[in-house]
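Here is a walk through the empty and filled spaces of one protein model. Keep the 3D view open as you read.

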Amino acid sequence: MSLKDVLWFDPRRIFIDGEWRNAAGGQTIDVENPSTGEVIGAIARGSSADVDAAVRAAQKAMDGEWGRMTATERGRILMKMSAIVLERADDLAMIEALDVGKPLHQSKNDSRALARYLEFYAGAADKLFGTTIPYQNGFTVYTLREPHGVAGIIIPWNYPMQILGRGVGAALAAGNACVLKPAEDASLSSLAFAEIAREAGVPAGAVNVVTGLGTEAGAVLSEHPGIHHISFTGSVGTGMRIQAAAARNVVPVTLELGGKSPHIVFDDCDLDKAMPTLVGACMQNAGQTCSAASRVLVQRGVYEEVKRRMAEIYRGLEAGPAVGSHALGPLVSRKQKQLVSSFIDIGRKELTVAAEGVIRDDASDAGNYVPPVLFADVSPDHKLAQEEIFGPVQVLIPFEDEDEALKIANGTEYGLVAGVWTKDGGRQMRMARKLEVGQVFINNYGAGGGIELPFGGVGKSGHGREKGFEALYGFTRVKTVTASHG
Ligand code: ADP
């Protein structure tokens, strides 16, 4: 299957003001298939002129047809987009598999999730209410929830469809116009989304997609004085730069950054239920997931059994070409492969390998494959237990009791999500309160993607919340109206 078979638009163009255009500078960036290392196409390398045109088009949309639409009309358009995504779900999944190296069963899940985000926010658009506030006699006070205006949305390469769905979906539902900057390693599905927006009849300028490098198009977008809100998902370092850029224009920012999420297994849990999830919660997308459960904290009473059973699962894990839909695909890029391999090399030197999976024979040497590796008996302060690896690597850490589990779980600079496995109801509640994270899973992990569930972090995992209704609050500002009528 080649890219040409599934693309129904020209990926070398950018989408501004309802039209496909060549980038002002005329330059392109190669698209590589991570499964094979082959160049399979090219995208436009947008520059500051393109970003500027996109921001101006978005403002024009706010001042024009898009800005005048009722919430119900915006919801209907989002619903139409959702329907087109579902019609195109298989093509979108194949595009993502070829562009990002995501196994087909996972990229199909992503395209369905994109449809679901659009559907959720379509339904929410006209249910975003203000409030009335009891005040002094002779006054009526109410709040209006208004869109910020032009939203800059910068997304990473690991879940492009899901992350653009939750970002652009919520931003549009709340009445903003968007400029989307996808990652240079994973732009094709965002371009497909632009074409879907066009087909669905989104008014010109409400959705703009500018591809390009982070340090060029991304940086210009985050610094642009015409942007009123920035939503960013990606690495901590880039998040810091974006927050600093936003500060210069004093605009609000939502940051969803990395994680080193703990999966905490107590002696009394239902181990048969927990086992597949303990591994799956990190192996999905080859560990390239912000909320990957990369630390598995296990109480001493079941530690050896969990280690043995996880090791068994690891030995059956295979990494192979994305279109083969194996448990793991390749990593997204050579850069990412080098980064993850350097962590694995440190682990092999300094830690105990409990088990590892295999790279299949049909995986090309030029692809970006790494084997999944499980390290055991890891000290909580080891580099591999502290730093985000963003690859298929987990560390097993033993603990004695609840207090120690909490101390280890909360002992990194991140705080995105946590999973707790225990049958003790009191402990479930205590852990949920004391874990310093944005989302806690009790006897499950991941909650099926959680479109409806507010998601975001504390500490270096970021601030603000994506997903669910909560995201709509982030994409709006509150105006208080105080009327004196005697
Ligand atoms: P990674 O290093 O894994 O590629 P990043 O956090 O740098 O992760 O990338 C996430 C997104 O941020 C991508 O769309 C990328 O192009 C963009 N980006 C990278 N650097 C900058 C920057 N300085 N300003 C704005 N966006 C950036």
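Which residues line the largest cavity? This is a predicted model, and the lining can be read off residue by residue. Gly-259, Cys-282, Gly-287, Thr-289, Ala-292 and Ser-294 belong to it. So do residues further along the chain, namely Glu-388, Ile-389, Phe-390, Gly-391 and Val-393. By class, five of these lining residues are nonpolar, five are polar and one is charged. The volume of this cavity is about 60 Å³. The structure has three cavities of 30 Å³ or more.

Now turn from the cavities to the pockets. The largest pocket has a volume of about 1200 Å³. Its lining counts 48 residues. Nearest the pocket centre are Trp-157, Glu-184, Ser-235, Thr-238 and Lys-335. Five elements each give two or more residues to this lining: the strands β3 (28–32) and β10 (229–233), and the helices α9, α10 and α13 (334–350). The top contributor is α10, with seven residues. Sorted by class, the pocket lining holds 22 nonpolar, 14 polar and twelve charged residues.

What takes up the space of the largest pocket? The ligand does. Two helices, α9 (214–223) and α10 (236–249), are the elements that supply two or more residues to the shell around the ligand. That shell is made of 17 residues. Ile-155, Lys-181, Glu-184, Ser-235 and Thr-238 are the closest. Eight residues of the shell are nonpolar, five are polar and four are charged.

Next, look at individual polar contacts. Start with Ser-235. An N or O atom in the Ser-235 side chain is 2.7 Å from an oxygen atom of the ligand. Thr-238 also uses its side chain: a polar atom there lies 2.9 Å from a ligand oxygen. Ser-235 and Thr-238 are both among the residues nearest the centre of the largest pocket. Ala-219 makes its contact through the backbone, where a polar atom is 3.4 Å from a nitrogen atom of the ligand. How much of the ligand's accessible area does the protein cover? On its own, the ligand has 550 Å² of accessible area, and the protein covers 84% of that.

To finish, return to the view and pick out Glu-184. This residue is one of the closest to the ligand, and it is also one of those nearest the centre of the largest pocket.

Conventions:
Residues numbered from 1 in each chain as written. Predicted model: local features only at pLDDT ≥ 70, side-chain atom pairs only at ≥ 80, totals over all residues. Heavy atoms only, no water. Near = heavy atom within 4 Å. Polar contact = N/O pair within 3.5 Å; in protein donor to acceptor, adjacent residues only side chain to side chain. Areas by Shrake-Rupley, 256 points an atom, 1.4 Å probe, with all protein chains shown as cover. 1 Å grid on protein atoms, 1.4 Å probe; cavity = no way out; pocket = protein on both sides within 12 Å on 5 of 7 lines; lining within 4 Å. Sits in = over half its atoms within 2 Å of the grid points. Helix = DSSP H or I, 4+ residues; strand = E, 2+ residues; numbered from the N terminus. Nonpolar A, V, L, I, M, F, W, Y, C, P; charged D, E, K, R; others polar. Points joined across faces, edges and corners; volume = space filled by probe spheres on them.
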